[in-house]
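Please look over the sequence and the model before reading on. This report takes the strands, a pocket, a helix and some backbone details in turn.

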Amino acid sequence: MSVPAVVIAAPASGSGKTTVATGLLGALRAAGRTPAPFKVGPDYVDPGYHALAAGRPGRNLDPVMVGEDLVGPLYAHGGAGCDVAVVEGVMGLFDGRTGTQGFGSTAHVAELLGAPVVLVVDARGQAGSLAALLHGFATYRPGTRLAGVVLNRVGSPRHEQVLRAACEEVGLAVLGVLPRHDGLAVPSRHLGLVTAVEHGAAAVDAVAAMTALVRGHVDVEAVLALAASSVTAAPWAPEVAVTPGRPVVAVAGGAAFTFGYAEHVELLAAAGADVVTVDPSRDEVLPEGTHGLVLPGGFPEEHAATLAANTRLLEQVRALALHAPVHAECGGLLYLARELEGHRLAGVLDATATFGPRLALGYRDAVALGDSVLHPAGARVTGHEFHRTVLTPGAGATPAWAWTGTTEGFVQDQVHASYLHTHPAAAPGSVARFVAACAA
């Protein structure tokens with residue numbers, strides 16, 4: 001029997017989903033529950049705050065990147081040992097991949113899980129017309145079960161009374177009423193929120209404030225009573241998805257490299273790698289006996305001076321890349337460049353990175369252009385691009401990927417470096433291939 005879930009959604013971004021989802025995780029944990037945190041889509045930032053609240057890794061459910069069939073197994077894997085799951089949605093309830101009629105949306109994932117949706121509504125400027133909005137969201141997609149509402153940023157008792165009447169008119173239970181509160185803001189920058197790791201003690205304080213807000217203004221027991229799931233799939237198991245080896249694989253972490261999926265490390269270990277974390281901001285040497293290096297995404301541009309000052313580690317990475325597998329995504333790609341905004345970095349790639357005029361954001365259907373330590377030529381993946389830097393040149397003699405109108409990234413010796421984020425659970429063979437190359 002699968003862990004029951006509740007999906008926290010909203011009509012639009014900025015309505016308060018993260019506040020409610022994170023606060024609910026904290027409130028459930030404080031009540032002695034063991035909640036499993038999930039995030040719809042490719043987002044890396046919100047799961048960091050979920051992890052602080054729940055005391056366990058935040059995981060992503062993204063049918064665009066892993067396919068519909070893996071959503072249930074990944075959910076069952078992430079919910080193992082838990083008694084309830086909280087799934088935070090992405091953007092508006094029905095917003096999915098562009099041009100797909102909602103594929104990958106919060107509603108899509110809720111339907112795959114068989115879980116009810118709680119809609120968080122920003123009530124500023126709302127009155128009786130809220131009934132029309134809720135009626136539309138409740139009836140737009142018959143497979144989506146809208147089970148209740150949390151009213152956010154309510155201005156006064158009279159305002160609450162009007163809003164409750166609107167909810168009653170369409171038969172939706174009000175599960176919580178949050179007053180206007182300016183103390184929960186988490187700093188943002190060019191790619192969105194500052195990660196929980198970087199925000200440190202302030203992130204812990206923010207999570208505590210969200211938890212207190214939800215405990216004081218949301219009927220947590222009523223939300224729990226709604227939780228349900230129809231998932232019957234066996235849990236995804238990293239040790240089944242790959243074949244073991246025994247090499248030491250260093251995975252970059254710390255404040256500069258926080259954009260990675262929990263399943264990636266699990267798959268590396270299941271493939272037989274001894275996984276050791278290295279913090280390029282602090283550690284001056286690679287772990288002893290390192291056979292391969294994974295550089296996930298993150299915000300190296302925010303820590304470029306510190307990373308550049310760690311010349312001893314940069315030299316070791318440069319030397320390692322001459323004879324051992326290196327897998328770098330987005331922020332990791334920048335770390336391997338010769339220069340980032342004037343700061344000299346590893347120089348594994350003869351390229352420089354600067355801030356660009358606009359954000360590159362969206363899913364990409366990509367094909368591998370050459371054999372690499374991750375993929376054979378012709379392999380196809382669906383990944384996600386999310387960056388504001390520009391690399392010059394943007395591709396090497398053998399690009400890593402091609403998609404419509406674009407070639408991108410570098411396949412150079414045993415280095416695979418690209419802006420494209422991929423979900424390893426969708427292609428466990430790529431992790432097994434990487435670990436095998438490390439072992440060799």
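## Strand S4 and its neighbours

Strand S2 (residues 35-40) and S4 run parallel, joined by five bridges. Within this pairing, Pro37 has Val86 of S4 as its bridge partner. The model is a predicted one. Strand S1 (residues 5-9) also runs parallel to S4, and four bridges join them. Here Ile8 has Glu88 of S4 as its bridge partner.

How many residues of strand S4 (residues 84-88) are buried? Five of its five residues are, so S4 is mostly covered, where buried means under 20% relative accessible area. In a regular strand, side chains alternate between the two faces of the sheet. In S4, Val84, Val86 and Glu88 point one way. Ala85 and Val87 point the other way. Residues on both sides are buried.

## Strand S12 between two partners

S12 pairs with S10 in the parallel sense over four bridges. In S12, Val294 stands opposite Val251. S12 also pairs with S13, again in the parallel sense, over three bridges. Val294 stands opposite His327 in S13. Val294 thus appears in both pairings: opposite Val251 and opposite His327.

S12 is mostly covered, with five of its six residues buried.

## Helix H16

Does the length of H16 fit its residue count, and what span should we expect? Helix H16 (residues 428-439) has twelve residues, and at 1.5 Å a residue they should span 16 Å. The end C-alpha atoms are 17 Å apart, which agrees.

Which residues of H16 are buried? They are Pro428, Ser430, Val431, Ala432, Phe434, Val435, Ala437 and Cys438. These buried residues pack against two helices and three strands: helix H11 (238-241), H12, S10, strand S12 (290-295) and strand S13 (326-329).

## The second largest pocket

The second largest pocket has a volume of about 650 Å³. It is lined by 32 residues. Closest to its centre are Phe257, Thr258, Phe259, Gly260 and Tyr261.

Several elements give two or more residues to this lining. The helices are H2 (45-54), H8 (196-199) and H12 (262-270). The strands are S3 (59-61), S10 (248-252) and S11 (274-278). By class, the lining has 19 nonpolar, ten polar and three charged residues.

## Backbone details

Most residues other than glycine have a negative phi, and most peptide bonds are trans. Three places in this model deserve a look.

Gln101 is not a glycine, yet its phi is near 55°, a positive value. Gln101 is found in the loop between S4 and helix H5 (106-113). Is Gln101 buried or exposed? Gln101 counts as exposed because its relative accessibility is 82%, and the cut-off for exposed is over 50%.

Arg153 has a positive phi too, about 60°, although Arg153 is not a glycine. Arg153 lies in strand S6 (residues 146-154). With 22% relative accessibility, Arg153 counts as partly exposed. The peptide bond joining Thr392 and Pro393 is cis, with omega at about -5°. Pro393 is found in the loop between strand S17 (380-392) and strand S18 (401-403).

Notes
Residues are numbered from 1 along each chain as its sequence is written. This is a predicted model: local features need pLDDT of at least 70, side-chain atom pairs count only at pLDDT 80 or more; totals for chains, interfaces and linings use all residues. Side-chain values use heavy atoms; hydrogens and water are left out. On a 1 Å grid over the protein atoms alone, a cavity is a set of points where a 1.4 Å probe fits but cannot get out, and a pocket is an open set with protein on both sides within 12 Å along at least five of seven lines; lining residues have an atom within 4 Å of a point. Grid points are joined across faces, edges and corners, and a volume is the space filled by probe spheres set on the points. Ala, Val, Leu, Ile, Met, Phe, Trp, Tyr, Cys and Pro count as nonpolar, Asp, Glu, Lys and Arg as charged, and the others, Gly among them, as polar. The expected span of a helix is 1.5 Å times one less than its number of residues. Buried means under 20% relative accessible area, exposed over 50%, partly exposed in between (1.4 Å probe, protein chains only). Contact means heavy atoms within 4.5 Å. Two strands pair if DSSP finds at least two bridges between them.
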